[in-house]
Amino acid sequence: MIYLGASRTNIPSIAGIWKDNLHSFLFDVRKKSVPVKDGRKTISSHKTYYDMMEGQVDYRYKRRKIKAKDRDWVKRLLRYFKTHFDEIILADENEMTNIIAYYLTEIKGRKKSVQNIFGKLMTDLYDAFRKYKDLKLGISYSHKFFNILDIRTCPYCNRQYTFTLDEKNAKTAPEYDHFYDKADYPILAVSFYNLIPSCHTCNHIKGRKKTVKLNPYFAGFESNFVLLDNMGSTMNKAEILKQGGGKLALKKSDGTDSVVDNGNIETFGLKGLYDLHEDYVSDIVEKVVAYDSTAQQALANAFQGPAYHPQMVYDFVWGKYLGESQFEKRPLSKLTRDILEQMGIKNKK
């Protein structure tokens with residue numbers, strides 16, 4: 001629902017830091033060797049995490065769990081990941097599509113058990129990296145990047161805060177949703193733009209569904225929240241005030257449904273979830289009545305002084321962060337902005 005690229009000009013630089021940190025985690029020689037284990041037993045030790053991944057494949061072959069051709073195939077995919085590391089980690093929307101096409105071609109005709117070996121290596125890498133501690137900060141890489149991104153509400157729903165807190169007795173953070181599920185496309189398991197900081201509800205609802213088409217890093221909704229009458233027509237301000245509200249819907253500016261947005265709307269149940277905020281919409285309508293132009297002028301007069309201006313009155317009445325570039329800072333901000341615009345109330349900026 002929220003287009004993160006609308007305001008977050010620093011995201012590419014954060015993606016670069018993610019890439020560099022992950023590269024060090026994977027390929028730098030460790031002071032303490034990285035073991036391949038079978039239960040508690042150490043089978044082999046390796047200088048880098050990547051070497052350990054290849055070591056796991058070799059161990060499966062030595063134990064006759066896979067054939068030589070399957071060992072070579074898994075290691076070839078690992079080498080492809082290593083060779084195209086920057087491309088995969090920083091892949092944009094089109095590049096991820098191309099990488100997926102390559103991966104689907106590679107697994108065609110391969111036994112599921114062999115595919116799962118590569119899949120587990122990549123998902124284990126994702127889990128190990130996000131849990132690994134940044135020694136300077138004393139927090140996991142997962143929390144480090146949630147803090148750097150500072151995305152305050154879930155971009156899928158804009159309904160819940162996604163603050164990150166790192167205290168001794170209290171830790172909380174968003175969850176990473178794999179836009180392309182790591183179980184189906186493990187080659188993208190650690191790709192930066194495939195990891196969407198989201199609330200638990202949206203991450204749980206989405207799961208492995210492939211119906212979500214809008215990645216918040218690359219696009220936002222075509223649709224706006226609108227209030228409709230019982231006949232399904234868009235209401236004007238007078239009609240909304242007369243009825244005290246209306247039927248909430250998500251429509252494009254021409255009043256039609258968006259095919260592009262539909263997968264996200266249906267998958268996350270946005271229509272049903274936002275219907276539960278009927279009282280919030282009623283509050284907006286009541287504020288429109290209470291804070292008419294006369295009341296707002298009175299507030300402006302009351303705030304007279306060099307530090308006060310009309311925008312502060314607007315923010316006081318309707319709340320801050322109502323521009324598209326600010327939606328992710330506060331829950332329900334897009335809903336608020338859309339309903340206000342329908343009623344002809346514009347931001348003073």
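Colleague: Contact here means heavy atoms within 4.5 Å. Leaving aside its neighbours within four places in sequence, with which residues is Leu125 in contact?

Modeller: This is a predicted model, in which local features need pLDDT (the predictor's confidence in each residue, from 0 to 100) of at least 70 and side-chain atom pairs count only at pLDDT 80 or more, whereas totals for chains, interfaces and linings use all residues. Residues are numbered from 1 along each chain as its sequence is written, and side-chain values use heavy atoms, with hydrogens and water left out. Once neighbours within four places in sequence are set aside, Leu125 is in contact with Leu22, Phe25, Leu26, Tyr49, Met53, Phe81 and Val190.

Colleague: Which residues touch the most other members of the largest nonpolar core?

Modeller: A nonpolar core is a set of buried Ala, Val, Leu, Ile, Met, Phe, Trp, Tyr and Cys residues joined through side-chain atoms within 4.5 Å, where buried means under 20% relative accessible area, exposed over 50% and partly exposed in between (1.4 Å probe, protein chains only). Of the 349 residues of the chain, 47% count as buried, and the largest nonpolar core has 95 residues. The residues that touch the most other members of this core are Leu22, Leu26 and Leu125.

Colleague: Where in the chain is confidence lowest?

Modeller: The mean pLDDT of the chain is 91, and 97% of its residues reach 70 or more. Helices (H or I, at least four residues) and strands (E, at least two) are DSSP runs, numbered from the N terminus, and the chain has 15 helices and 10 strands. Confidence is highest in helix H4 (residues 85–89), at a mean of 98, and lowest, at a mean of 75, in helix H13 (residues 293–302).

Colleague: How are helices H1 and H6 oriented to each other?

Modeller: With axes taken as lines fitted to C-alpha atoms, for helices over the stretch in contact, and angles running from 0 to 180 degrees between N-to-C directions, the axes of H1 (residues 11–27) and H6 (residues 112–131) come within 11 Å and cross at roughly 105 degrees. In this contact Trp18, Asn21, Leu22, Phe25 and Leu26 of H1 meet Leu125, Ala128 and Phe129 of H6. Angles under 35 degrees count as roughly parallel, over 145 as roughly antiparallel, 65 to 115 as roughly perpendicular and the rest as oblique, so H1 and H6 are roughly perpendicular.

Colleague: How many charged residues are in the contact of H2 with H3?

Modeller: H2 (residues 49–62) and H3 (residues 68–83) pack at about 170 degrees with their axes 9 Å apart, which makes H2 roughly antiparallel to H3. Their contact includes Glu54 and Asp58 of H2, as well as Arg71 and Lys75 of H3. With Ala, Val, Leu, Ile, Met, Phe, Trp, Tyr, Cys and Pro counted as nonpolar, Asp, Glu, Lys and Arg as charged, and the others, Gly among them, as polar, the contact has seven nonpolar residues, no polar ones, and charged residues numbering six.

Colleague: What is the relative accessible area of Thr48?

Modeller: Thr48 lies in the loop between strand S2 (41–46) and H2. Not counting residues up to four places away in sequence, Thr48 touches Leu26, Phe27, Asp28, Val29 and Val34. Thr48 is buried, with a relative accessible area of 6%.

Colleague: How far apart in space are Tyr217 and Tyr193, C-alpha to C-alpha?

Modeller: Tyr217 is in the loop between helix H8 (200–206) and strand S9 (224–228), and Tyr217 is buried, with a relative accessible area of 5%. Among the residues in contact with Tyr217 are Tyr3, Leu149 and Tyr193. Tyr217 and Tyr193 are 24 residues apart in sequence, while their C-alpha to C-alpha separation in space is 6.7 Å.
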